[in-house]
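Grab your viewer and work through a few exercises on the structure below. Each one has a task, followed by a solution in steps.

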Amino acid sequence: MTKSANLGFPRIGLHRELKKSLESYWKGETDAAALHATGQALRARHWQLQRDAGIDIIPSNDFAYYDHMLDTTAMLGAIPPRFAGIADPDQLYFAMARGTAAAPAMEMTKWFDTNYHYIVPELHAGQRFHLATTKALDHYREAKALGIDTRPVLVGPVTWLSLAKSKDDGLDPVSLLDNVLPVYAELLAALKAEGATWVQIDEPILVLDLSDSQKNALCQAYAALSTPGPRIMLATYFDALGDNTDLATQLPVDGLHIDLVRAPEQLPRVLKLLDTDKTLSVGVIDGRNIWRADLDKQLALITTAWDAIGPDRLEIAPSCSLLHIPVDLDGETALDDELRSWLAFAKQKLAEVSALTLAMQKGRSAAKPAFHASATAVAAHKASTRIHKPAVKARAAAKIALGRGGVFSTRRALQRQRYNLPAFPTTTIGSFPQTAEVREQRAAFKKGQIDQRTYDAFLEAETKRAVRIQERIGLDVLVHGEFERNDMVEYFGEQLDGFAFTRNGWVQSYGSRCVKPPVIYGDVSRPAPMTVRWSAYAASLTDRPMKGMLTGPVTILQWSFVRVDQPRSETCRQIALAIRDEVIDLETARIGIIQIDEPALREGLPLRHSDWDTYLRWAVDCFRASASGVSDATQIHTHMCYAEFNDIMPAIAEMDADVISIETSRSDMELLEAFRDFKYPNEIGPGVWDIHSPRVPSQADMEALMRKAAEGIPADQLWVNPDCGLKTRGWPEVEAALENLVVTAKALRR
């Protein structure tokens with residue numbers, strides 16, 4: 001009989017219980033026992049929720065305190081030598097993620113094309129592995145004790161190795177497969193002995209362009225793992241298998257999961273090539289976005305699979321883990337009824353999976369209420385007048401000049417004459433600490449407990465304090481601190497037409513870091529200036545240059561839940577024109593340095609190289625459109641972080657920002673090599689302080705990084721700045737680190 005399945009559930013809890021418990025533990029306010037009690041309670045609640053939703057196959061080991069890739073690294077005992085002296089397993093785990101006073105954290109980057117960050121494994125030649133943790137086994141037992149027989153989830157060995165970084169020149173991490181497989185085999189055997197009949201092994205690299213060594217590794221891995229343990233459901237997601245379809249369908253596993261939301265067109269070929277004894281899991285409910293499914297449309301897709309392989313080899317599931325969407329829509333009572341009827345969060349996605357499964361088992365009439373609600377919502381969405389605005393569409397369709405007036409060398413001369421900055425100019429990325437008092441005042445204002453005048457007076461005082469601190473420390477280009485902003489995307493979305501917001505729509509970005517993505521439901525425009533008031537106020541407090549801070553169009557697009565009724569490129573251009581209006585207004589207010597952050601440019605890159613050019617063309621054009629309305633004497637900055645840049649350097653150069661700041665400290669300046677090898681023509685600020693770690697780097701540490709940067713990049717192109725914004729840090733460490741940063745710049749000037 002056809003079964004319903006889930007590939008993974010959000011970890012953080014409806015009210016971000018995991019975040020709060022983690023941060024309390026890190027501050028020393030609670031102990032490890034309290035943290036683990038929170039984790040156990042969340043797992044039990046989520047397993048029960050899935051069972052109550054009618055899900056037949058429920059995952060375990062999808063829960064992580066920080067990151068599932070880091071969990072796999074810990075499981076394999078792949079501990080970087082700099083952490084070898086830490087005996088306590090909890091302290092060791094978080095030291096790898098966050099660093100210590102003596103050891104920098106492991107590198108962090110984006111999980112495929114999502115905004116989820118994973119901790120990058122560090123491997124070296126001849127490395128040995130062993131089963132260092134039994135978390136997968138422990139969580140299976142934990143669920144079983146509650147009467148729930150789960151399907152454990154593991155990151156596949158070839159995906160884990162492919163996403164790792166070698167610390168030795170010339171080493172391909174995939175070459176260590178022989179050393180990794182015995183550990184997987186040992187764990188699978190233990191799970192089987194414990195009673196597990198199936199295990200889900202995620203190999204999302206199967207949707208990428210694979211090398212011959214990766215293809216051979218997949219064959220070798222599953223030939224070795226097909227016998228010692230439970231039956232294997234091989235899970236792929238985020239795109240089509242494409243030219244890896246033959247490989248994926250013929251691997252010696254018992255089931256294959258494919259993403260039919262991102263790539264419904266792959267179904268016929270998969271059905272044609274799938275071995276006759278394999279189970280097919282069809283991912284037909286979107287695990288990446290929050291729009292309600294068209295159940296009739298998805299039922300037709302499932303029926304195609306049913307007709308080809310029959311009911312007993314079919315599972316119905318979300319497209320990927322539900323990690324990437326909020327937990328439950330039920331609490332979003334502030335949304336209007338029409339908009340709310342168009343949405344589905346994780347709990348509602350499970351109900352959609354169950355409804356489709358019931359319809360396949362007993363006929364559509366058995367799930368009639370769910371199908372009726374779906375059809376009603378789909379029809380209402382198509383007919384709604386709030387979505388489409390002809391004037392916005394007409395403006396986006398019109399041509400505008402994308403370039404600045406002069407080439408970079410001309411602009412640079414004018415900007416240097418205007419600001420007369422020293423060599424190695426110093427600045428920050430934008431935000432300053434969002435203290436408890438800042439958050440409390442914002443909450444009080446939103447609840448109506450204080451009025452606008454009182455709130456503005458508080459924000460002015462915080463802004464003035466930040467300006468004075470920057471002046472005292474000696475930074476060259478200042479920022480206003482962004483105390484009025486809740487989030488770098490949400491803040492702008494709240495002031496743009498076409499956006500809606502949730503109260504509890506939290507999604508994990510990494511560790512305890514959660515974001516609440518806006519919902520882009522309609523055409524986007526800017527009714528009024530968004531940032532000018534605070535940038536202009538801050539500029540009035542100082543004689544030093546004040547940098548205006550904006551989030552770029554691609555990042556606003558990527559970090560929102562985006563409408564699916566028009567191309568993403570069209571929505572992005574609408575956002576770009578709204579940001580352009582803001583850039584022009586900032587310049588009019590005499591803000592002559594403006595940063596348009598685009599940390600998500602690389603994240604949005606399609607997973608297949610053949611699709612890159614189309615994306616990069618419209619993404620770069622949107623950035624250029626946002627920056628193209630100002631004079632050559634206005635200096636445009638951008639910022640990027642936690643991504644690999646090597647493959648897209650021509651596109652980054654084509655953005656033609658006067659200054660780009662990038663995150664490089666976690667990689668020990670390795671990420672700067674792309675800019676060095678490409679001979680990036682404009683100015684660069686390589687980050688010298690990993691702001692996601694509580695560690696305050698010394699002046700010597702920062703100077704060493706900058707000297708490493710200057711080995712391959714001309715000194716007159718270099719700025720000195722942190723990796724990212726400082727909102728998550730505390731004032732004492734911010735002041736200490738920025739003092740070291742300024743001393744570093746002065747030493748370099750000498």
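**Exercise 1: a bridge in the sheet**

Task: find the bridge partner of Val-155 in β8, then place that pair in its sheet.

Solution. Before starting, keep in mind that this is a predicted model.
- Step 1: go to Val-155 and look across to β8, where Asp-202 is the bridge partner.
- Step 2: widen the view to the two strands. β6 covers residues 151-155 and β8 covers residues 198-202, and they are joined by three bridges in the parallel sense.
- Step 3: now trace the whole open sheet. Its eight strands run in the order β1-β12-β11-β10-β9-β8-β6-β2, with parallel pairing.
- Step 4: check the ends. β1 (3-4) and β2 (59-60) are the edge strands, each with pairing on one side only.
- Step 5: look for a helix lying on the sheet. Helix α11 (residues 295-309) packs there and touches β11 (279-285) and β12 (314-318), with its direction about 170° from that of β11.

**Exercise 2: α26 against α27**

Task: work out how helix α26 and helix α27 pack, and which residues meet.

Solution.
- Step 1: locate α26 at residues 699-710 and α27 at residues 731-749; their axes are 8 Å apart and the packing angle is about 50°.
- Step 2: classify the angle. Roughly parallel needs under 35 degrees and roughly perpendicular starts at 65, so the two helices are oblique to each other.
- Step 3: get the handedness, which is right-handed for α26 passing α27.
- Step 4: list the contacts. From α26 come Gln-699, Met-702, Glu-703, Met-706 and Arg-707, and they meet Ala-737, Asn-740, Leu-741, Val-743, Thr-744, Ala-747 and Leu-748 of α27.
- Step 5: sort that contact by class, and you get seven nonpolar, three polar and two charged residues.

**Exercise 3: α18 against α27**

Task: do the same for helix α18 (residues 452-473) and α27.

Solution.
- Step 1: the two axes come within 9 Å and cross at roughly 35°.
- Step 2: this crossing is right-handed.
- Step 3: on the α18 side, Arg-465, Ala-466, Ile-469, Arg-472 and Ile-473 meet Trp-731, Glu-735, Leu-738, Glu-739 and Val-742 of α27.
- Step 4: the class tally here is six nonpolar, no polar and four charged residues.

**Exercise 4: the whole chain**

Task: decide how compact the protein chain is for its 750 residues.

Solution.
- Step 1: count elements, giving 27 helices and 22 strands.
- Step 2: compare radii. The radius of gyration is 26 Å, close to the 27 Å from the globule rule, so the chain is as compact as a globular protein of that length.
- Step 3: add the extents, about 75 × 60 × 50 Å for the C-alpha trace along its principal axes.

Notes
Residues numbered from 1 in each chain as written. Predicted model: local features only at pLDDT ≥ 70, side-chain atom pairs only at ≥ 80, totals over all residues. Heavy atoms only, no water. Pairing = 2+ DSSP bridges. Helix = DSSP H or I, 4+ residues; strand = E, 2+ residues; numbered from the N terminus. Contact = heavy atoms within 4.5 Å. Axes fitted to C-alpha atoms, helices over the stretch in contact; angles between N-to-C directions. Parallel < 35°, antiparallel > 145°, perpendicular 65-115°, else oblique. Left-handed = near helix turned anticlockwise from the far one by under 90°. Nonpolar A, V, L, I, M, F, W, Y, C, P; charged D, E, K, R; others polar. Rg over C-alpha atoms; globule rule 2.2 N^0.38 Å.
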